[in-house]
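Dear colleague,

I am handing over a structure that you have not worked with before, and my notes on it follow below. Please read them with the sequence and the model open beside you.

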Amino acid sequence: MRKPKIVVLGAGYGGLMTVTRLQKQLSHDEADIVLINKNDYHYETTWLHEASAGTLHHDKVRYDISDVINRSKVDFVQATVEDIKTEEKKVITSAGEVEFDYLVIALGAVSETFGIQGLHEHAFMIANINSARQIREHIEYQFATYKNEEEKKDERLTIIVGGAGFTGIEFLGELGNRVPELCKEYDVDPKKVRIVCVEAAPMILPGFDPELVKYARAKLEKKGIEFSIGTPLKEAKADSVIISKGEEEVEEIKAGTIVWAAGVRGNPVIEKSGIENMRARVKVEKDLRAPGHDNIFVIGDSSLMINEEINRPYPPTAQIAMQQGEVCAKNIISLLKGNEELATFTPDIKGTVCSLGEDDAIGLVYGKKLMGSKASFMKKVVDNRALHMIGGTSLVFKKGKFKFF
Ligand SMILES: Cc1cc2nc3c(=O)[nH]c(=O)nc-3n(C[C@H](O)[C@H](O)[C@H](O)COP(=O)(O)OP(=O)(O)OC[C@H]3O[C@@H](n4cnc5c(N)ncnc54)[C@H](O)[C@@H]3O)c2cc1C
């Protein structure tokens, strides 16, 4: 008899969590499991700000997918997903077509530029290993070029970070540690370097506890980071950004590096597939299925769930993606067993920790406020936990963070 075929798209937090749970709970003769991902490695998206600043080598941020999947149960296909034909139950990839009975879409997100002119052309985005490597190399190139040019262009050493949300602040924390190292390495006067965070909202880290936000801003300012708050970025050019400082007033800041870290939207494949979506994210049913599609699950940043307490979407996080992966695997197994009663998903938010560099952080964990080394310790615990949940103790020993203090 033909076995049902489960196809999982994306080997990020959500996709790998689903696959590792399926491979544990299903025997060889119960289903065929196929995992499709662009690369043969998984990267820790939540560590990309470190690789981008150059405080952590990009190889520390990734691991081989073959390290965590059981190749006797899971068929891994390295390919780019191009489209999903829901009616025909098949996925179109760069390596050919793949049919499915059950599909899990876990393709993550892409940067949202909100139509701001010039961002696609002139700004870097913290998106994956390749972009992180490019940001790190570009910043180093600017330092090296500055030292080598006859007529010094100080603006070469200005770094603009667009966005003071979670990603922007974590990146700024790393830059605050990395820039003094670069100054030493390239014999550059630290006074020549500017790091400017441009944010449209009236505050940094909107939604975070005000006391923690105050701590974070003070610590970053102490590292020399400037904040331009309530000043939307209007345009990015090859060597500057234009920011709005009021109804009529604009300011141009010359810069050698522009990094955009202000929001995400779902994967474009979702828009192309015709599955109902909002900015490429699927507002899923409580059992994580796409509306109107009994055999298609959508999880992680590709999905959208409303927090009914505040009537706003839950933020896209690795924490939620991993929890969804567990429930998704459980629900697929239920369907395979002919059980139509599926589990409903409710995020169990244990807390949030935002790093301010390797040695500092702020966080709210189980309702308790943390700052400084305690929060930083907790951040590493969270990072190691994610590794453990997908790859067990051996992966923690291989890739974990152990420099706690
Ligand atoms: C710098 C930074 C810091 C963050 N910090 C935190 C944090 O501290 N805590 C937290 O909970 N969240 C954090 N987040 C958010 C978190 O990383 C995301 O919510 C999480 O990665 C979503 O998981 P996912 O499985 O949906 O997607 P991802 O983990 O991004 O995985 C998507 C996978 O799909 C693959 N893929 C994409 N498109 C295709 C395609 N067309 N074909 C084939 N494969 C494809 C990608 O290569 C990737 O492997 C952070 C994000 C960033 C950028």
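Glu-285 has a relative accessibility of 38%, and because buried means under 20% and exposed over 50%, this residue counts as partly exposed. Please keep in mind here, and in everything that follows, that the model is predicted. Glu-285 is placed in the loop between β20 (282-283) and β21 (296-298), and its C-alpha is 28 Å from that of Val-77, a residue 208 positions away in sequence.

A second loop, the one between β23 and β24, holds Glu-308, which at 60% relative accessibility counts as exposed. The side chain of Glu-308 is joined to the side chain of Lys-286 by a polar contact of 3.4 Å. Asn-311 is also found in the loop between β23 (306-307) and β24 (312-313), and with a relative accessible area of 61% Asn-311 is exposed.

The backbone deserves a word at this point. Most residues other than glycine have a negative phi. Asn-311, however, has a positive phi of about 55° although it is not a glycine, and Phe-114, likewise not a glycine, has a positive phi near 50°. Phe-114 sits in the loop between β10 (109-111) and α4 (119-122), where its relative accessible area of 49% makes it partly exposed.

Val-61 offers a contrast in setting, since this residue, in helix α3 (residues 58-61), has a relative accessibility of 1% and counts as buried. The C-alpha atoms of Val-61 and Glu-44 are 5.5 Å apart in space, while the two residues are separated by 17 positions in sequence.

Turning to the interior, which residues of the largest nonpolar core touch the most other members? They are Leu-35 and Ile-169, in a core of 110 residues. Helix α9 supplies the largest share of this core, namely 10 residues. Domain 1 (5-111 + 264-349) and domain 2 (119-260) both contribute residues to this core, and therefore the core lies between them. As general background, nonpolar side chains in soluble globular proteins tend to be buried together.

The remaining notes concern the ligand. There are 30 residues around the ligand, and those that come nearest are Gly-14, Val-81, Asp-301, Ala-318 and Lys-379. By type, the shell around the ligand divides into 11 nonpolar, 15 polar and 4 charged residues. Why does the ligand lie between domain 1 and domain 2? The reason is that domain 1 (5-111 + 264-349) and domain 2 (119-260) both give residues to the shell around the ligand.

Some individual distances may help you to find your way around the site. An N or O atom in the side chain of Thr-45 is 3.4 Å from an oxygen atom of the ligand. Pro-316 has a backbone N or O atom that lies 3.3 Å from an oxygen atom of the ligand, and for a backbone N or O atom of Thr-317 the distance to an oxygen atom of the ligand is 3.3 Å as well. On its own the ligand has 1000 Å² of accessible area, of which the protein covers 90%. The elements that give two or more residues to the shell around the ligand are α1 (13-25), α6 (166-185) and α9 (318-336).

With best wishes

Note on methods
Residues numbered from 1 in each chain as written. Predicted model: local features only at pLDDT ≥ 70, side-chain atom pairs only at ≥ 80, totals over all residues. Heavy atoms only, no water. Near = heavy atom within 4 Å. Polar contact = N/O pair within 3.5 Å; in protein donor to acceptor, adjacent residues only side chain to side chain. Areas by Shrake-Rupley, 256 points an atom, 1.4 Å probe, with all protein chains shown as cover. Helix = DSSP H or I, 4+ residues; strand = E, 2+ residues; numbered from the N terminus. Nonpolar A, V, L, I, M, F, W, Y, C, P; charged D, E, K, R; others polar. Domains from an automatic or database assignment. Core = buried A, V, L, I, M, F, W, Y, C linked by side-chain atoms within 4.5 Å. Buried < 20%, exposed > 50% of the residue type's maximum accessible area, 1.4 Å probe, protein only.
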